[in-house]
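Welcome! Take a moment to look over the sequence and the 3D view, and then we can walk through them together.

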Amino acid sequence: MGDTAIKIGGARKSVFKDKVMKLLPEGGNLNACLTCGACASGCPATGLDGMDPRKFLRMAALGMDEEILSSNWVWMCSMCTRCMYVCPMQINIPQLVFNARATWAKEDKPKGITSSCDMALRNDTCSAMGATEEDFEFVIGDVLEEYQESQPEFAEMTADVNRKGAYYFLNQNSREPVTEPDEMVPLWKILHLAGADWTYGTKGWAAENYCLFSADNENWEKIVRLKAKAVEDLGCKVWLNTE
Amino acid sequence: MYAEWIREGKLKPSSDWNKERQIKFTLQDPCQLVRKTLGDPVAEDMRYVVKAIVGEENFIDMTPNRSNNFCCGGGGGYLQSGFTEQRRAYGQTKANQILATKAPYCITPCHNCHAQVHDMSEVNDHAWETVHIWTLLNLSLGILGPNERTYLGEDLKDVDVFHPESEM
């Protein structure tokens, strides 16, 4: 895109790309690029920070590890996987980006993401906004009572917390209980009318997982396992993610 | 889920509220739900639900869509990354798609998409409203109260209000 040509000094080893290839099924097809540019042409992140998905992959193939591992572009790609979807060779560029994020020192990663991850690790709720089990249970009960009274057709509506054996374990993005609790109610009413057998859990209710976005492998797994355990401990059959 | 419950007759939404108004709606296919997880079948289910609640003739698809859609730029931690200028440059691709439909409402069945598409509307002269499906499903069931309308535009604030006396 009008940039000066990249000059590479002699043969360099693609240490980073080879490392990621070992992690992925079929090596993520990272050596299969036809350089067609379908990825870059349909990527909303093309051009940001002078980078695009094809360029990122080609630089990895050329062993320009230092350049791509220091590029802020890995935080400007949302890992939406459209590049892989349109790629004739199904090359897993998003995983290359994820693993590039993972190589960053924590203090260099975007603070907003790492602090949300840290916050989620403070409580068993996994809430990136730091809502506690008590906060959550109080808000749910309070809002439910208010609506049972103000909308008497829904006096029998439930929003149970920690009810064992419910079919669905519903999670909730922290934003609703913390900043806009009324927004939870339309979904409760839908579940009530549909006769769904559901519960929230005080543990692991928060839908978000910022440790995944910060590519903190140890901690995103920790959070997923904590949430899965919360579902299993209540004996729920389906873990239901909200809109 | 919503589609299943409507097909089974457990939920009986009506689009009559929009028969005269003819307010148009477009739909964001969340990458996480569609391309990355359940694929085009869930995209079809969403369209079935949306058409049932706003009226078939009032749904306008973006192009490209379904598994081929453009990401809105809300995912992957973007909203918390601090790269606001880049996030909005990224999101303008989605904003232009929404603007091309001329629909005054964009439905976003994903929390990240909702936050990002809402923000992109703000930086595009508030060209559209950004709503969850649950809000419209309640509206079409006649059970949407006055305090559950934060994301509706002025044109729908007073339509079929359930228990208007409970307004706070």
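Of the 168 residues in chain B, 49% count as buried. Please keep in mind throughout that this is a predicted model. Chain B is a good place to begin, with its 7 helices and 3 strands. If you trace the chain along its sequence, these elements come in the pattern α-β-α-α-α-β-α-β-α-α. The radius of gyration of chain B is 16 Å, close to the 15 Å that the globule rule gives for 168 residues, so chain B is as compact as a globular protein of that length. Taken along the principal axes, its C-alpha atoms fill a box of roughly 45 × 35 × 25 Å. The contacts within chain B also reach across the sequence: among those between residues at least 6 apart, 65% join residues at least 24 apart.

Now find the strands of chain B. The 3 strands make an open sheet in the order β1-β2-β3, and their pairing is parallel. At the edges are β1 (25-27) and β3 (129-131) of chain B, each of which pairs on one side only. On average, neighbouring strands in this sheet are turned by 30° against each other, direction ignored. Looking at one pair, β1(B) is joined to β2 (residues 105-107) of chain B by 3 bridges, and the two run parallel. You can pick out one of the matches by eye: B:Phe25 has B:Tyr105 in β2(B) as its bridge partner.

From the sheet, let us move to a helix. Helix α3 of chain B covers residues 40-54, which makes 15 residues. From its first C-alpha to its last it reaches 21 Å, close to the 21 Å expected at 1.5 Å a residue. Which residues of α3(B) are buried? They are B:Ala43, B:Met46, B:Val49, B:Val50, B:Ala52, B:Ile53 and B:Val54. The cover over these buried residues of α3(B) includes α1 (2-7), β1, α2, β2 and α6 of chain B, so-called neighbours worth highlighting in your viewer. Just after α3(B) comes B:Gly55, which takes a positive phi of about 95°.

Next, turn to the place where the two chains meet. Here 41 residues of chain B are in contact with 37 residues of chain A. On the side of chain B that touches chain A, α2 (34-38), α4 (84-101) and α6 (133-140) of chain B each supply at least two residues. The largest share, 5 residues, comes from α6(B). Sorted by class, this side of chain B has 17 nonpolar, 20 polar and 4 charged residues. Notice that α6(B) turns up twice on our tour, as part of the cover over α3(B) and as a contributor to the side that touches chain A.

Chain A has a sheet of its own to explore. It is an open sheet of 3 strands in the order β2-β1-β3, with parallel pairing. The edges are held by β2 (198-199) and β3 (238-240) of chain A; each has a single partner strand, so one side of each is left without a neighbour in the sheet. Strand β1 (residues 168-170) of chain A is joined to β3(A) by 3 bridges, and these strands run parallel. Within this pair, A:Leu170 has A:Leu240 in β3(A) as its bridge partner.

Our last stop is a single residue, A:Asp142, in helix α8 (residues 133-150) of chain A. Is A:Asp142 buried or exposed? It is exposed, with 11 other C-beta atoms within 10 Å. A:Asp142 and A:Pro181 are 39 residues apart in sequence, and their C-alpha atoms are 9.7 Å apart in space.

Technical notes:
Residues are numbered from 1 along each chain as its sequence is written. Chains are lettered from A and ligands numbered from 1 in the order in which they are written. This is a predicted model: local features need pLDDT of at least 70, side-chain atom pairs count only at pLDDT 80 or more; totals for chains, interfaces and linings use all residues. Two residues are in contact if their C-beta atoms, placed from the backbone, lie within 7 Å. Helices (H or I, at least four residues) and strands (E, at least two) are DSSP runs, numbered from the N terminus. Ala, Val, Leu, Ile, Met, Phe, Trp, Tyr, Cys and Pro count as nonpolar, Asp, Glu, Lys and Arg as charged, and the others, Gly among them, as polar. Two strands pair if DSSP finds at least two bridges between them. Axes are lines fitted to C-alpha atoms, for helices over the stretch in contact, and angles run from 0 to 180 degrees between N-to-C directions. The expected span of a helix is 1.5 Å times one less than its number of residues. A residue is buried if 20 or more other C-beta atoms lie within 10 Å of its own, exposed if 12 or fewer, and partly exposed in between; C-beta atoms are placed from the backbone. The radius of gyration is taken over C-alpha atoms; the globule rule is 2.2 Å times the number of residues to the power 0.38.
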